[in-house]
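Please read through the structure shown here, starting with the whole assembly and ending with a single residue.

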2 protein chains.
Amino acid sequence: MISEKMIGMVQNSSAIRAMFEEGKIMAAKYGAENVYDFSLGNPNVPAPAEVKEAIEEILGEEDSLMVHGYMSNSGYEDVRQAIADSINKKFETQFRQENILMTVGAAGGLNVILKTLLNPQDEVLTFAPYFGEYRSYVSNFDGILKAVPANTVDFQPNLEAFETMITPKTKAVIVNTPNNPTGVVYSEDTIKKLAQILEDKQKEYGISIYLISDEPYRELAYDGAEVPYLTKYYKNTIVGYSFSKSLSLPGERIGYLVIPDEADESELIIGAANVANRILGYVNAPSLFQRVIAKCLDAKVDVEYYNRNRETLYNGLVKAGFSCIRPEGAFYLFVKSPVENEKEFCEAAKKYHLLIVPGSSFACPGYVRLAYCVSYETVTGALPKFEELAKEYGLS
Amino acid sequence: MISEKMIGMVQNSSAIRAMFEEGKIMAAKYGAENVYDFSLGNPNVPAPAEVKEAIEEILGEEDSLMVHGYMSNSGYEDVRQAIADSINKKFETQFRQENILMTVGAAGGLNVILKTLLNPQDEVLTFAPYFGEYRSYVSNFDGILKAVPANTVDFQPNLEAFETMITPKTKAVIVNTPNNPTGVVYSEDTIKKLAQILEDKQKEYGISIYLISDEPYRELAYDGAEVPYLTKYYKNTIVGYSFSKSLSLPGERIGYLVIPDEADESELIIGAANVANRILGYVNAPSLFQRVIAKCLDAKVDVEYYNRNRETLYNGLVKAGFSCIRPEGAFYLFVKSPVENEKEFCEAAKKYHLLIVPGSSFACPGYVRLAYCVSYETVTGALPKFEELAKEYGLS
């Protein structure tokens, strides 16, 4: 009786979330301290103190009707201006508040811009491995998501394959850097080449192709890695940002879109995205947290905590005989499965109470993802288990 | 270059919001105290003190990772249980936490349930006059919204017309009581007849028809009016609730769906709605405010403030010669336009700095809506202007 499309969606529903539920069951059975759950990207570093201070300040000083009330569907003007100023200062850009649209997290922002742009059967490209939810978001608006095959050498985008896959039906390209699930940061060289390909194809086909940059992990970069700001390399870039990871507020659903003046049909897109935000039922990004993040634009979670996990886990896994790309950002490690069928490997890992996600969930079988946004004790406790698992597979 | 569907949506974009923007411009020009803006349903009674106390308590006592973190896409289990208990106590129902799904306001909830239920070309019925956004929400999932013509005698649903409009393609019916824009509360007698018609048609066509009850105004009822709880009258009822008005938190985007066990395919719908909440990009209802409302289920805004506005405005308008139905709930008055083209009347009202919304926005031309969620001073200040307007139209 329900929607046929939803029946398919329920059947394919996120393997990651399923594992999250499985983790809760295992924790109840064996004790939380004996389960090493690397399945979900749920930050374990608390929000910085500035968040609580900001909430208290706002409740103490600002008018309750304004703080909890409706505002423009795009968000409070002063909040959007503060964000524009902050981006401009960091990246030498020239955004105005009109370029910023407050959204219900990055997921809300992606849905708003895809609703704004897509006609049925329009094609959206992304690079494997990729966050599996993109498939649902594009399908929400009857677009077709096409995944460029992975470059498993260094997990930079496979630009040769990308170039051949662009067609006159290509409306958008989604990139995610620092990347979930690989932790790779797309290099400036990659971005420049990607931008050139897009420019050439736009000219060749006489179309606009929008580059949608999904940036929930922008602030999580290690070893001084630079994460290029994409609007500076390609004018049809639209940025989707989230405070879920930078301020550890994933449950609060707060983020924004940047729609630059330089983008083709910018004014039309800004107007339509505002309407899309309303009619998709978001109406506006949660009001109190709009005001909170405006006061916390220079705050940051303790990235060093994730960095220590990264170092320890990466070194431990390599020492145990596993092979994986050294991540420069986000909080994920993408490890090569010792057997072709990585789902079998994930099942074997469960014997050691290790919960890891198959690469198939990211359109990249043969690999597994470990989310290391966990306690340091989970990392150090898990390493001996990974060593046993490696032995089982004859890796050491 | 943007979505063709969105181009249409932008063109038809809410007249109410447009007037809201116009109100801001007029206020800047003439001074806010000289503009009588009855255009938007933005509560002017502040959130009850319990909200601030709850926030402070939660920030002081609960773990920041839990308060701002991801939970099940359906919401925190304890919050859902608290809501189920509260409904059960008030209405003698038997809901469990599994029947409750936390949503990004009622708008989010309606989108979640429509995505869950609708196949393209499925028909959704609603009763004119109705909240214009329903058209967009149904269109988001390629359904077809059909409006049952208004019964302008007492603005109870026109059940004769309704019965003839149900077809084998009818998947859902949306009702909204207390009603926006009329303020009418659907009587128990109406509900019983509506339920009987639906039961009969379900049998006749061998289908399930879901009654979606959009209830943001449930707590705003005056003169002791009873607002029947619809799941008790018709088992395929799904309730969409919002705290936007009951706690004056419209910007926070917090509400819930009730999906009863008794509904056909209940388990499938509950599972699919959970997935829909995720893939529509909401992911989950804002986390802090989930926890806040669980502590405020017995709190309520100062309804007496709205009641005084209602009495004063209704009596004043009738005395001035206008004709309108006496509202029992919500914070709207639906006034008969003295001329057939009510848009012309709204334009005339602007000369007196009175901002009111044409009934066409609610599929009911010939009437205008006044939102009286304004200060008492706005009401008393506006009445002499309405008297002048009435004289212009020869009403007194």
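The paragraphs below take up the two chains, then the cavities, then one loop residue.

The model is predicted. Two copies of a chain are related by a rotation about an axis and a shift along it. Here, a turn of 180° with a shift of 0.0 Å along the axis lays chain B on chain A, and the RMSD is 0.0 Å. This relation is that of a two-fold axis. Both copies use the same surface, since 100% of the contact residues of chain B recur in chain A.

Next come the enclosed spaces. How many cavities of 30 Å³ or more does the structure hold? There are three. The largest cavity has a volume of about 50 Å³. It is lined by 13 residues, and those closest to its centre are Phe127(B), Ala128(B), Pro129(B), Phe155(B) and Gln156(B). Sorted by class, the lining of the largest cavity comprises eight nonpolar and five polar residues, with no charged ones.

Phe127(B), one of the residues closest to the centre of that cavity, is also touched by Asn158(B). Where in chain B does Asn158(B) lie? It sits in the loop that runs between β4 (144-148) and α8 (159-165). Is Asn158(B) buried or exposed? Its relative accessibility is 17%, and buried means under 20%, so Asn158(B) counts as buried. Leaving aside residues up to four places away in sequence, Asn158(B) touches Val148(B), Pro149(B), Ala150(B) and Asn151(B) in addition to Phe127(B).

How values were computed. Residues numbered from 1 in each chain as written. Chains lettered and ligands numbered in written order. Predicted model: local features only at pLDDT ≥ 70, side-chain atom pairs only at ≥ 80, totals over all residues. Heavy atoms only, no water. Helix = DSSP H or I, 4+ residues; strand = E, 2+ residues; numbered from the N terminus. Buried < 20%, exposed > 50% of the residue type's maximum accessible area, 1.4 Å probe, protein only. Contact = heavy atoms within 4.5 Å. Least-squares fit on C-alpha atoms with pLDDT ≥ 70 in both. 1 Å grid on protein atoms, 1.4 Å probe; cavity = no way out; pocket = protein on both sides within 12 Å on 5 of 7 lines; lining within 4 Å. Points joined across faces, edges and corners; volume = space filled by probe spheres on them. Nonpolar A, V, L, I, M, F, W, Y, C, P; charged D, E, K, R; others polar.
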